[in-house]
Amino acid sequence: MDETLSRQIDAFIEENKDRILWDMTRLVGVPSVEGPAEEDAPFGPGPRKALDMALTIARELELGTEDLDHKIGYAYVGGKGEKYLATICHVDVVPIGNGWNTDPWTLTEREGYLIGRGIVDDKGPAVLTLYALKFLQEHGGALRYPVRAILGSNEETGMLDVKRYNETEPAPLFCFSPDAEFPLINGEKGIVHGRIRSLCKMEKIVDIKGGAAYNAVPDKAEVWIQAGSVPAQEGLDIEEARFGVWHITAHGIGGHAASPQGTVSAIGILEDYLLENHLVSEAEEEFLRFAVKVPHASDGSLLGVAADDGLFSPLTVVSGMIYGEDDRLVQTLDFRFPTNTSAARLQEILEKEAAGVAAIELDEGKAPFYKDPNEKELKACMDAFREVTGSEKKPFTIGGGTYARSFPNAVGFGPEHLDRVRPAFVGPIHGANEAGHFGELLEAMKVYIAALMNLEELEF
Ligand SMILES: [Zn+2]
């Protein structure tokens, strides 16, 4: 990178970092978990408020803004031309879950880390992209391609935001999404969600519930069962809720469904306990014996669906939630699969495996996508990353589903560094105590600015 440019970006960061921190604090301060649709708040009042806040920040930075039906918006520099570059972030977040040591909606600083729900996924990066545009406005001269910082508000739950965007907006020439890891994500596994539904009715199980989303390993699960008595077990909270009904709570270690390594499913702990102690009816037991195969083997091997294509990491499956519905037990599924299997094939195998015990309902899935790391746009991003960080790491593929898949030419690009060792108080995205290093976030912004400057040079 040009030394002058490098110095300009550093000076820009120095000048703006207090304001960046304040804007991150304001945005994290809006609880923006999806809620029931309301008038003018299609994904509930939280995501709407967060989108308003992000667009307000953009306007304060003197960027142009557009709001598309309060579902998704964008800030822009260099006009609104049809041939433009873009970044995309989101301002909705997953539910807070349990185990926080600080208020998740109050951005808290500790040893250089910022702690709060969404600071890494993806409100912090959203603020960084707005400031990257401000830099282009101040230092980019006459831009060859306008640049948009797209701001979604339904990434975590339905991606109906980007669907709305694509209804009226031309696709960007190239888009990167700071909703991922560095250095660059050139492929994403296929994703399909679904449910295992018991054929038997709930008998001994009065109620059961665990987890809050398809795409997160649950850290807590509870069951209410009819029994004369139940054995104690270390780590489980057990109380008699009323005469003959026991309330049992299991605690696990939450985390993202795309990388279940290191997580412990609370649903699995609860199911093991019910099975080992024969606390439920025979039919319920039969269902649980099938359902527990998910938390017991996140590679899908116990379900007969394990798959590995050499391009991606192997298939993963997690159960994010369990609940009772119409007297049936329902356990959710979140599959991330490589190119050598498909949603249709998963459905076929699971139906056989679950025959007589459970119905399998798989939703419409998303196929895997893969981009060649030698394409010019990917190189432009990688050059910026290498020059700013000095790292020689190579693009890689993941199991997560980012926005990149929603555009014809897009990748995931930072800001997480999954290989860096973190203090124990730093939690993961989607987990408790989600935290990101402020200095690293600012460094990521330098990468984004440099990448946009490189992309401006390209012929599209
Ligand atoms: Zn995200």
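I began by fixing my terms: I call a residue buried if 20 or more other C-beta atoms lie within 10 Å of its own. I also keep in mind that this is a predicted model.

**Entry 1, strand E6.** I looked up strand E6 (residues 147-152) and found that six of its six residues are buried, so the strand is largely enclosed by the rest of the structure. I then checked the two faces separately, and both are covered: Val147, Ala149 and Leu151 are buried on one side, and Arg148, Ile150 and Gly152 are buried on the other.

**Entry 2, the partners of E6.** Which strands pair with E6, and in which sense? Strand E2 (residues 72-77) runs antiparallel to E6 and is joined to it by six bridges; within that pairing I noted that tyrosine 74 has isoleucine 150 of E6 as its bridge partner. Strand E3 (residues 85-90) also pairs with E6 over six bridges, but in the parallel sense, and here I find histidine 90 opposite glycine 152 of E6.

**Entry 3, helix H4.** I turned next to helix H4 (residues 160-168), whose buried residues are Asp161, Val162 and Tyr165. These residues lie on the same side of H4, because they cover an arc of only 90° around the axis. For the general background, I recall that an α-helix has 3.6 residues a turn, so residues three or four places apart point the same way. When I asked what the buried residues of H4 pack against, I found strand E1 (64-68) together with E2 and E6.

**Entry 4, the largest nonpolar core.** Which members of the largest nonpolar core touch the most other members? Of its 133 residues, I found these to be Ala54, Leu130, Leu151 and Cys381. Helix H10 (residues 438-456) gives the most to this core, with 12 residues, and the core draws at least three residues from each of domain 1 and domain 2. I followed alanine 54 further and, leaving aside its neighbours within four places in sequence, I see it in contact with Leu27, Val91, Ala126 and Leu151; Leu151 is the residue I had already listed as buried on one side of E6.

**Entry 5, the two domains.** The domain assignment gives domain 1 as 3-188 + 369-456 and domain 2 as 190-362, and I note that their C-alpha centres lie 33 Å apart. How many residues of each domain are in contact with the other? I read 17 residues of domain 1 in contact with 16 residues of domain 2. On the side of domain 1 that touches domain 2, I count seven nonpolar residues, 10 polar and no charged.

Key. Residues numbered from 1 in each chain as written. Predicted model: local features only at pLDDT ≥ 70, side-chain atom pairs only at ≥ 80, totals over all residues. Core = buried A, V, L, I, M, F, W, Y, C linked by C-beta atoms within 7 Å. Buried ≥ 20, exposed ≤ 12 C-beta atoms within 10 Å, placed from the backbone. Helix = DSSP H or I, 4+ residues; strand = E, 2+ residues; numbered from the N terminus. Domains from an automatic or database assignment. Contact = placed C-beta atoms within 7 Å. Pairing = 2+ DSSP bridges. Nonpolar A, V, L, I, M, F, W, Y, C, P; charged D, E, K, R; others polar. Arc of directions from axis to C-beta.
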